[in-house]
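Good morning, everyone. Please look at the sequence and the structure as they appear, and keep both in view while I speak.

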Amino acid sequence: LAAAASPPPAAAAQAPVPELGVVECFRGPYFGALAKARAEGRMTLVVFWTADSPWCQKLVADTFEQESVAAALAEDVVVSVDMTRDGDGALRDQRSENVARRFAVPVFPSLFFLDSERVVQDVVAGYIPPGPFLGELARVRAGQGTRSDLANAVARAPDDIAARLALARKLLDLGDAAGHDEQMAAVKELDPDEVSLTVREMKYGRVVEAADARLDDDR
């Protein structure tokens, strides 16, 4: 999911973000959380946030303060990663740096879903309301449209250009540039002249995105 496109709400005066509201977070080192998830066959949700981000504050207030969300996440191991920096640019929580370098964090907040084997399966980049969040949580748990699901689709039909492009987009979202490039190279081999409808639609989408970005810059 893309980050919210509308202007962010007015930030409170450096109001701290609660530790993900009423959601119970793992207390201990990051690898301890992964070990717990693996031993118990559970998913891990890693949430990157900053105290001075209005979208992070809104995520907590709207989504992580909901008992329904907390109850749903009780099945998983939740890791809160504070990426707040002080006036000198140093992280408020020095332990966060070791965690952050393992992910391609595009915006704050960012929510990464890991399976019990520590493989990053999906990501939500930006604010997400409680209803859509619960929908995403259910989708990822069901293994629909995740990294493994899309990779399995390619394995079943290696000549399916649409399947490879879907996997490439997911890998790019997850910060796997090498995996993305590998899929795009395979697409190039399958359609060297870029005449397939799928590739043409992808190219058109890129043109539209670039035009939208220019309009945003001009506003």
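Before I describe how a helix lies on a sheet, one definition is required: axes are lines fitted to C-alpha atoms, for helices over the stretch in contact, and angles run from 0 to 180 degrees between N-to-C directions. Contact means heavy atoms within 4.5 Å. Helices (H or I, at least four residues) and strands (E, at least two) are DSSP runs, numbered from the N terminus.

The model is predicted: local features need pLDDT of at least 70, side-chain atom pairs count only at pLDDT 80 or more, and totals for chains, interfaces and linings use all residues. Residues are numbered from 1 along each chain as its sequence is written, and side-chain values use heavy atoms, leaving out hydrogens and water.

I begin with the sheet. It is open, with 4 strands in the order E2-E1-E3-E4 and mixed pairing; two strands pair if DSSP finds at least two bridges between them. At the edges are E2 (77-82) and E4, each pairing on one side only. From one strand to the next, the twist averages 15°. E3 and E4 are antiparallel partners over 5 bridges, and Leu-111 stands opposite Val-124 in E4.

Where does H5 lie? H5 lies across E1, E3 and E4, and runs at about 25° to E3.

Which residues of H5 are buried, that is, under 20% relative accessible area (1.4 Å probe, protein chains only)? They are Phe-133, Glu-136, Leu-137, Arg-139 and Val-140. Seen down the axis of H5, these buried residues fall within an arc of 165° (taken from the directions from the helix axis to the C-beta atoms), so they line one face of the helix.

How values were computed
Buried < 20%, exposed > 50% of the residue type's maximum accessible area, 1.4 Å probe, protein only.
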